[in-house]
Amino acid sequence: MEVRGPTLTLRPPTAEDVPALLELGSDPEVTRWFSWGPYRSADEPAAYVRRARARQDAGEQLDLLVVHREAGPIGVTGLSEWSLRDRRAVVGTWFGRAWWGSGVNAESKALVFALAFAGFGLARVGAYADVRHERSQRALEKVGFTLEGTLRAWHRHGDTQKDVRFYGLLRADWETSPLREVPCDLYGDLPPAFLPG
């Protein structure tokens with residue numbers, strides 16, 4: 001499966017992507033707000049790629065590499081915390097530092113929203129941001145998310161429980177969003193584990 005836009009393609013990561021993932025995820029500034037990283041050896045992104053496939057097959061999480069048409073892999077996005085019954089999931093995205101502020105977040109979100117709403121028929125996509133991570137909060141608001149509240153001690157990072165801001169985007173929000181107008185083509189079959197029965 002691939003989702004293709006004007007300059008980006010979203011696709012599941014493979015073993016061939018390990019060197020690029022190592023380069024992107026070895027920057028401590030990139031992983032500063034994450035519960036993992038920075039990567040220190042190729043074994044870590046290789047293990048991530050294996051886990052991503054297993055989680056996809058189990059219907060738990062759909063991780064997608066963000067591939068720039070000219071530059072190659074530049075980050076990761078995906079959908080987790082699926083509820084097929086409630087037709088909802090949570091999106092998470094990260095990019096290599098060279099791509100911060102470049103505008104790729106908007107196109108990657110346009111593609112993942114098209115996949116979520118038009119492809120999988122979801123009614124809602126959520127997102128989290130650390131309460132101190134203002135750049136992430138601004139990026140979510142810029143692509144149309146609505147701040148819905150703060151979840152206290154929601155995310156564990158090392159030995160610390162972190163508060164997070166929780167955001168939501170409904171299908172109706174996406175249907176009137178400029179991101180819906182971003183050209184998007186889906187190639188291949190949707191992973192069956194994420195389709196309602």
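Helices (H or I, at least four residues) and strands (E, at least two) are DSSP runs, counted from the N terminus. On that basis Arg 87 belongs to neither, lying in the loop between strand 4 and strand 5. The model is predicted. This briefing covers its largest pocket, two helices with a buried side, two arginines with polar contacts, and some backbone angles.

**Largest pocket**

- The space in the largest pocket comes to about 1600 Å³.
- Its lining consists of 50 residues, and those nearest the centre are Phe 34, Gly 92, Thr 93, Trp 94 and Tyr 128.
- Two or more lining residues come from each of helix 2 (43-57), helix 3 (104-119) and helix 4 (134-142), as well as from strand 4 (72-83), strand 5 (88-95), strand 6 (124-130) and strand 7 (146-157).
- Sorted by class, 25 residues of this lining are nonpolar, 14 are polar and 11 are charged.

**Helix 1**

- In helix 1 (residues 18-25), Val 18, Leu 21, Leu 24 and Gly 25 are buried.
- These buried residues lie on the same side of helix 1, because the arc they cover around the axis is only 130°.
- An α-helix has 3.6 residues a turn, so residues three or four places apart point the same way.
- Pro 19 and Glu 23 are exposed on the other side of helix 1.
- The packing partners of the buried residues of helix 1 are helix 2, strand 3 (62-68), strand 4 and strand 5.

**Helix 4**

- Ser 136, Gln 137 and Leu 140 are the buried residues of helix 4.
- Their arc around the axis is only 100°, so they sit on the same side of helix 4.
- Glu 134, Arg 138 and Lys 142 are exposed, on the face of helix 4 turned away from the buried side.
- Helix 3, strand 6 and strand 8 (160-170) are among the elements that cover the buried residues of helix 4.
- Gly 144, just after helix 4, has a positive phi of about 110°.

**Arg 11**

- Arg 11 is part of strand 2 (residues 8-11).
- Its side chain forms a polar contact of 2.8 Å with the side chain of Asp 17.
- Beyond the neighbours within four places in sequence, the contacts of Arg 11 include Met 1 and Glu 2, and also Asp 63, Leu 64, Leu 65 and Val 67.

**Arg 124**

- Arg 124 belongs to strand 6.
- The side chains of Arg 124 and Glu 148 are joined by a polar contact of 2.5 Å.
- Arg 124 and Leu 169 are 45 residues apart along the chain, and their C-alpha atoms are separated by 5.8 Å.
- Leaving out neighbours within four places in sequence, Arg 124 has contacts that include Phe 166, Tyr 167, Gly 168, Leu 169 and Leu 170.
- Arg 87, Arg 88, Ala 89 and Phe 117 are also among the contacts of Arg 124.

**Backbone angles**

- Most residues other than glycine have a negative phi, and most peptide bonds are trans.
- The peptide bond from Gly 37 to Pro 38 is cis, and its omega is near 0°.
- Pro 38 is in the loop between helix 1 and helix 2.
- Glu 81, which is not a glycine, has a positive phi of about 50°.
- Glu 81 lies in strand 4, and its relative accessibility of 41% makes Glu 81 partly exposed.
- Arg 87 also has a positive phi without being a glycine, with a value near 55°.
- With a relative accessible area of 33%, Arg 87 is partly exposed; the range for that class runs between under 20% for buried and over 50% for exposed.

Note on methods:
Residues numbered from 1 in each chain as written. Predicted model: local features only at pLDDT ≥ 70, side-chain atom pairs only at ≥ 80, totals over all residues. Heavy atoms only, no water. 1 Å grid on protein atoms, 1.4 Å probe; cavity = no way out; pocket = protein on both sides within 12 Å on 5 of 7 lines; lining within 4 Å. Points joined across faces, edges and corners; volume = space filled by probe spheres on them. Nonpolar A, V, L, I, M, F, W, Y, C, P; charged D, E, K, R; others polar. Buried < 20%, exposed > 50% of the residue type's maximum accessible area, 1.4 Å probe, protein only. Arc of directions from axis to C-beta. Contact = heavy atoms within 4.5 Å. Polar contact = N/O pair within 3.5 Å; in protein donor to acceptor, adjacent residues only side chain to side chain.
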